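Visitor: Could you take me closely through the enclosed space in this model, and then follow the elements around it outwards to the rest of the fold? I would like one connected account rather than a list.

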Amino acid sequence: MGKEIIQIKDLKVYYPIRSGFWNRITDYVRAVDGVNFSINEGETYGLIGESGSGKSTTGKAIVGIEKVTGGQIMYKGVDITKASNRKKLNYNKDVQMIFQDSMSSMNPRKRIEDIIAEPIRNFENLTTDQERDRVQELLDIVGMPSDAIYKYPHEFSGGQRQRIGVARAVATNPKLIIADEPTSALDLSVQAQVLNFMKHIQQQYNIAYLFISHDLGVVKHMSENLAIMHRGRLVELGSRDEIYKHPMHIYTKRLLSAIPQVDVANREAHKAERERVEHEFLENQSKWYDADGRVFPLQEVTPNHLVALPEGGIRAAIQEEQNEKESD
Ligand SMILES: Nc1ncnc2c1ncn2[C@@H]1O[C@H](COP(=O)(O)OP(=O)(O)O)[C@@H](O)[C@H]1O
Ligand SMILES: [Mg+2]
């Protein structure tokens, strides 16, 4: 396992809710409410959860485009939630982001050359020729033809635009890329292509990804470690194998059972399992949430498996887990 590249400690991002005649702050949306995890050099770390669980806000807080309410983001031993540290470490060069909808993050009136060159211009002083060579090289890396530089974003398909988005993110030689649902808007066949070349680029340049997705099926093939997010908090965190084989939180089990089954032979069994899990969820969900409907703090079950276990039921939950392991 690689060295830790970034450490998220008790991260909180609250959005104020204003109301009334004076437009005063009356409450907060706790979009991210005390999140802890860390990513190793060169790995893909999966962050999974339903829409609204706080994944994008977490990603934006890490790249520094969302203001942090509390907690720390440690990079090279320094807390980069302080803007001065971010500058000192060249953090904005080392950490880039790819969005689900690359169209909205690209200026429609700019040619691809300028779109990809923009981050390079922020950090390097290249001549026009050097810059063009670099953009051509990046287009080549993501499998795009070289005449793409003269074109505009709308002239490409969604899959091609995601390639351009990756080229732009890779332009500064980053150590970490936050990939926020990078394939969610694409057709299945195109999704697989984009995931493949993202993997390829990762291996070539030793880039770490924070791979954000609502789809556990996609993340399964991408990530070594993952965290499940729910209502602004982490529900379960650990290695991919541990979580897929021995999910413990009732919410993780529910997400896993909802992955569509491609294998026709298993479909009936899968449907029965899904119904069983759904029943269990409805029966027991109150145990797994506090009075405000939030999940409990994470507790270590094994060294690389943390679960938001209910206060009273820890022993029972671990026992149940061990029984399952023995019967495997
Ligand atoms: N700029 C904002 N102002 C107020 N609330 C926001 C803002 N952005 C996101 N939220 C709220 O924060 C919560 C988490 O959103 P988000 O991080 O986008 O979740 P996800 O990416 O998992 O779908 C949601 O309830 C969302 O409505
Ligand atoms: Mg999102």
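Guide: The largest cavity in this predicted model has a volume of about 40 Å³, and the count of cavities of 30 Å³ or more comes to 1. Its lining is made up of M97, I98, F99, S102, S105, G165 and R168, which by class divide into 3 nonpolar, 3 polar and 1 charged residues. Two elements, strand 6 (95–98) and helix 6, each supply at least two residues of that lining, and helix 6 offers a convenient route onwards.

Helix 6 covers residues 158–170 and helix 7 covers residues 188–205, and their axes come within 10 Å of each other and cross at roughly 15°. An angle under 35 degrees counts as roughly parallel, and helix 6 and helix 7 are therefore roughly parallel to each other. Their crossing is right-handed. On the side of helix 6 the contact involves G159, Q162, R163, V166 and V170, which meet V190, Q193, V194, F197, M198 and I201 of helix 7. By class, this contact of helix 6 with helix 7 has 7 nonpolar, 3 polar and 1 charged residues.

Helix 7 leads in turn to an open space, since helix 7 is among the elements that each supply at least two residues of the lining of the largest pocket, together with helix 8 (216–220), helix 9 (240–245), helix 10 (250–257) and helix 11 (267–284). About 930 Å³ of space lies in this largest pocket, and 30 residues line it, with K220, L256, I259, Q261 and H270 lying nearest its centre. Helix 11 gives the most to the lining, namely 6 residues. Taken by class, the residues lining the largest pocket divide into 12 nonpolar, 8 polar and 10 charged.

Two of these contributors, helix 10 and helix 11, also pack against each other: their axes come within 9 Å and cross at roughly 155°. As angles over 145 degrees count as roughly antiparallel, helix 10 and helix 11 are therefore roughly antiparallel to each other, and helix 10 passes helix 11 in a left-handed crossing. I250, Y251, K253, R254 and S257 of helix 10 make this contact with H270, R274, V277, E278, E280, F281 and N284 of helix 11, and the residues involved divide into 4 nonpolar, 3 polar and 5 charged. H270 thus appears twice, in the contact of helix 10 with helix 11 and among the lining residues nearest the centre of the largest pocket.

Elsewhere along the chain, K93 is found in helix 3 (residues 91–94). K93 and F123 stand 30 residues apart along the chain, yet their C-alpha atoms are separated by 7.0 Å. Leaving aside residues up to four places away in sequence, K93 touches F123, T172 and P174.

F123 brings us to helix 4 (residues 112–123), whose axis comes within 10 Å of that of helix 5 (residues 128–141), the two crossing at roughly 110°. Helix 4 and helix 5 are therefore roughly perpendicular to each other. Their contact joins I112, E113, I116, A117, I120 and R121 of helix 4 to E131, R132, R134, V135, L138 and L139 of helix 5, and by class it holds 7 nonpolar, no polar and 5 charged residues.

Notes:
Residues numbered from 1 in each chain as written. Chains lettered and ligands numbered in written order. Predicted model: local features only at pLDDT ≥ 70, side-chain atom pairs only at ≥ 80, totals over all residues. Heavy atoms only, no water. Axes fitted to C-alpha atoms, helices over the stretch in contact; angles between N-to-C directions. Helix = DSSP H or I, 4+ residues; strand = E, 2+ residues; numbered from the N terminus. Parallel < 35°, antiparallel > 145°, perpendicular 65-115°, else oblique. Left-handed = near helix turned anticlockwise from the far one by under 90°. Contact = heavy atoms within 4.5 Å. Nonpolar A, V, L, I, M, F, W, Y, C, P; charged D, E, K, R; others polar. 1 Å grid on protein atoms, 1.4 Å probe; cavity = no way out; pocket = protein on both sides within 12 Å on 5 of 7 lines; lining within 4 Å. Points joined across faces, edges and corners; volume = space filled by probe spheres on them.
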